[in-house]
Amino acid sequence: MREFVVDANVLMNCLISGRETYQQLFKKYTFYAPDFIFAEMQEHQAELLKKTHLSPALLKEYTLKLFGRIVFIPNFLVSNQSYLQAFHWCKDIDADDTPYLALAIEFDIVFVSKDDTLVRGLRAKGFDKIISFSEFLSL
């Protein structure tokens, strides 16, 4: 089984679409996310509720199933060294993604992001443990 760190963009995409395919993927692999993801998703709650293709009842059910497949890692388990390394990689691309990258660095796990600018930027700087969501779907 393979492990991946996912960001809020990936989860938002899954929740908006409501595709069963995503549920199957989340059963196939192990996913991790920093606890920071809850605050980020809360910021975009209105957008999610507006764009989702699911009824409120189905969104609740889908979200609970999806989130039940993710290991949420508390901030205190990620070292300052991993945060500093992640910030170094992200600072001129998108510093807001530092917690996701720090988690990936700390646990040596591939980071899956729907932010193509971040993926391209990190690869251009030499960070190779990142894949785009579309690349992930092709695995």
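Helices are DSSP runs of H or I with at least four residues, strands are DSSP runs of E with at least two, and both are numbered from the N terminus. With those labels in hand, Asp108 goes in the loop between α7 and β4. Everything in these close-ups comes from a predicted model.

**View A. Asp108 has a positive phi and a salt-bridge partner, Lys129.** Start with the backbone: phi of Asp108 is near 55°, a positive value, and the residue isn't a glycine. For context, most residues other than glycine have a negative phi. Now look at the side chain, which meets that of Lys129 in a salt bridge, 2.7 Å from N to O. This pair ties together distant parts of the chain, 21 residues apart: Asp108 is in the loop between α7 and β4 (110-113), while Lys129 belongs to the loop between α8 and β5. Is Asp108 buried or exposed? Exposed is a label for anything over 50% relative accessible area; at 56%, Asp108 therefore counts as exposed. Lys129, at 27%, counts as partly exposed.

**View B. Lys125 and Asp92 pair up across the chain.** Side chains of opposite charge can pair when their charged atoms come close. Here the closest N and O atoms of Lys125 and Asp92 are 2.8 Å apart, and the two form a salt bridge. It's another link between distant parts of the chain, with Lys125 in the loop between α8 and β5 (130-132), Asp92 in the loop between α6 and α7, and their positions 33 residues apart. Asp92 counts as exposed, with 59% relative accessibility, and Lys125 as partly exposed, with 32%.

**View C. Glu61 and Lys65 form a salt bridge within one helix.** A search of the whole structure turns up 5 salt bridges, and this is one of them: Glu61 with Lys65, the closest N and O atoms 3.3 Å apart. Both residues belong to helix α5 (residues 56-67), with a spacing of 4 residues, or about one turn of the helix. An α-helix has 3.6 residues a turn, so residues three or four places apart point the same way. Glu61 is partly exposed at 41% relative accessible area, and Lys65 is also in the partly exposed class, at 47%.

**View D. Helix α6 has a buried face and exposed residues on its other side.** Which residues of α6 (80-90) are buried? They are Ser82, Ala86 and Cys90. Looking down the axis of α6, you'd find these buried residues within an arc of 60°, so they line one face of the helix. The cover over them includes α7 (98-107) and α8 (116-124). Go round to the other side of α6 and you meet Asn80, Gln81 and Leu84, which are exposed.

**View E. Phe76, Leu77 and Phe107 make a nonpolar surface patch.** The patch comes to about 340 Å². Leu77 sits in the loop between β3 (70-73) and α6. With a relative accessibility of 40%, Leu77 counts as partly exposed.

**View F. Leu11 and Phe136 are the best-connected members of the largest nonpolar core.** The core has 48 residues, and these two touch the most other members. Helix α1 (residues 8-17) is the top contributor, giving 7 residues to the core. What does Leu11 touch, not counting residues up to four places away in sequence? The list runs Val6, Phe26, Ile37, Met41, Leu66, Phe67 and Ile70.

**View G. Val71 touches residues from another stretch of the chain.** Find Val71 in strand β3. Leaving out its neighbours within four places in sequence, Val71 is in contact with Phe31, Tyr32 and Ala33. Its C-alpha atom is 7.8 Å from that of Thr30, although 41 residues separate the two along the chain. At 35% relative accessibility, Val71 counts as partly exposed.

**View H. Leu49 and Ile105 have C-alpha atoms separated by 32 Å.** Along the chain, these two residues are 56 residues apart. Leu49 has its place in helix α4 (residues 45-51). Its relative accessible area is 49%, and Leu49 is classed as partly exposed. The cut-off for exposed is over 50%.

Note on methods
Residues numbered from 1 in each chain as written. Predicted model: local features only at pLDDT ≥ 70, side-chain atom pairs only at ≥ 80, totals over all residues. Heavy atoms only, no water. Buried < 20%, exposed > 50% of the residue type's maximum accessible area, 1.4 Å probe, protein only. Arc of directions from axis to C-beta. Contact = heavy atoms within 4.5 Å. Patch = residues over 30% accessible without salt bridge, like charges linked within 9 Å, V, L, I, M, F, W, Y side chains within 5 Å. Areas by Shrake-Rupley, 256 points an atom, 1.4 Å probe, with all protein chains shown as cover. Salt bridge = Lys/Arg side-chain N within 4 Å of Asp/Glu carboxyl O. Core = buried A, V, L, I, M, F, W, Y, C linked by side-chain atoms within 4.5 Å.
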